[in-house]
Amino acid sequence: QKSMSVFDIKDQVVVITGGTGVLGREIGTYLAHEGARVVLLGRRQDVGEALAEGIRAQGGDAAFYVCDVTDMEMVNGVRDQIVDRYGRVDALLNAAGGNMPGATIPPGKTLFDVQVEEFERVLNVNLTGTLIPTQAFLKPMTEAGHGSIVNFSSMAAFRPLTRVMGYAAAKAGISNLTAFLANEVATKFSPSIRVNAIAPGFFLTDQNRALLTNPDGTLTERGQDVIRQTPFKRFGKPEELCGTIQYLISQASTFVTGTVAVVDGGFNIFAI
């Protein structure tokens, strides 16, 4: 007896940018386990191929394509290959992103130390790197008349966290872009194409591990600050994003668009 659960995503073709990152790979592995046909995009071929192979070894359906989300021609080319192979794209997760030292202001430095070129690169990879895949993969969604896009926002989008100036500006842009796109695609294409975002709280990733924890696993001063302001008193585990993602790409959220789903252990509602 087949389950008729509204959360069922079996056979959905799900494209994940940033698919080789800590969060992207965890989500991809989970969705494949739930029966989705997962397509991972990333810049690191060896890592991506190994990841897709690992998912297939567990009985999941996964493929990997080398892709730089800031390169429109490359993204469109990959989109064409994916549509040729699968016939459609049901969901796009814009999980690619990143930060650069020159776009941050660490203790002991000031605004005058920010490197404009690196600030622009951070905006480019996070914000433009969300728009370009959205443009590309929206095409097959409009042709099919349905689809779900999930962007990746951040705690830094709600309140500008110290240090991460460029990243915070880009993620605030992603939240705003999400709301704009939700209205744009629903009114001009189909209300069956939805655009939402997820805002993870603090999860240990390759990007922030050294900022939040010491080599021996104890918390840095910034790590302590985060935990003090997190009611759950711990970092998130990557798998704790998966249920919210499944909800946003499944039939469980057919009347949900333009929202930012917060998964943060209470960080964003904490006040002294």
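With which residue does Asp11 form a salt bridge, and how far apart are the closest N and O atoms? The legends below address this pair and further views of the predicted model.

**Figure 1. The salt bridge of Asp11 and Lys10.** In this predicted model, the partner of Asp11 is Lys10, and the closest N and O atoms of the two are 4.0 Å apart. Asp11 is partly exposed, since its relative accessible area is 40%. Lys10, in turn, has a relative accessibility of 54% and therefore counts as exposed, because that class begins over 50%. Side chains of opposite charge can pair when their charged atoms come close.

**Figure 2. The salt bridge of Arg37 and Asp61.** Here the closest N and O atoms lie 3.3 Å apart. This pair links distant parts of the chain: Arg37 belongs to strand E2 (residues 37-42) and Asp61 to strand E3 (residues 61-66), with their positions 24 residues apart in the numbering. Arg37 counts as partly exposed because its relative accessibility is 24%, a value between the limits of 20% and 50%. Asp61 is likewise partly exposed, with a relative accessible area of 31%.

**Figure 3. The salt bridge of Asp225 and Arg228 within helix H7.** The side chains of these two residues meet with an N to O distance of 3.1 Å. Both residues lie in helix H7 (residues 221-228), where they are three residues apart, about one turn of the helix. Asp225 is partly exposed, with a relative accessible area of 29%. Arg228 also counts as partly exposed, at 49% relative accessibility.

**Figure 4. The charges of the protein chain.** The three pairs shown above belong to a count of eight salt bridges. The protein chain carries 24 positive and 27 negative charges, and the mean positions of the two groups are 4 Å apart.

**Figure 5. The setting of the close-up views in the protein chain.** The secondary structure comprises eight helices and seven strands. The C-alpha atoms fill a box of roughly 55 × 40 × 40 Å along the principal axes. The radius of gyration is 18 Å, which agrees with the value near 19 Å expected of a compact globule with 272 residues. Of these 272 residues, 47% count as buried. Among contacts with a separation of 6 or more, 71% join residues 24 or more positions apart. The accessible surface comes to about 13,300 Å², and carbon and sulfur atoms account for 54% of that surface.

Terms used
Residues numbered from 1 in each chain as written. Predicted model: local features only at pLDDT ≥ 70, side-chain atom pairs only at ≥ 80, totals over all residues. Heavy atoms only, no water. Helix = DSSP H or I, 4+ residues; strand = E, 2+ residues; numbered from the N terminus. Rg over C-alpha atoms; globule rule 2.2 N^0.38 Å. Buried < 20%, exposed > 50% of the residue type's maximum accessible area, 1.4 Å probe, protein only. Contact = heavy atoms within 4.5 Å. Areas by Shrake-Rupley, 256 points an atom, 1.4 Å probe, with all protein chains shown as cover. Lys, Arg positive; Asp, Glu negative; His and termini not counted. Charge placed at Lys NZ, Arg CZ, Asp CG, Glu CD.
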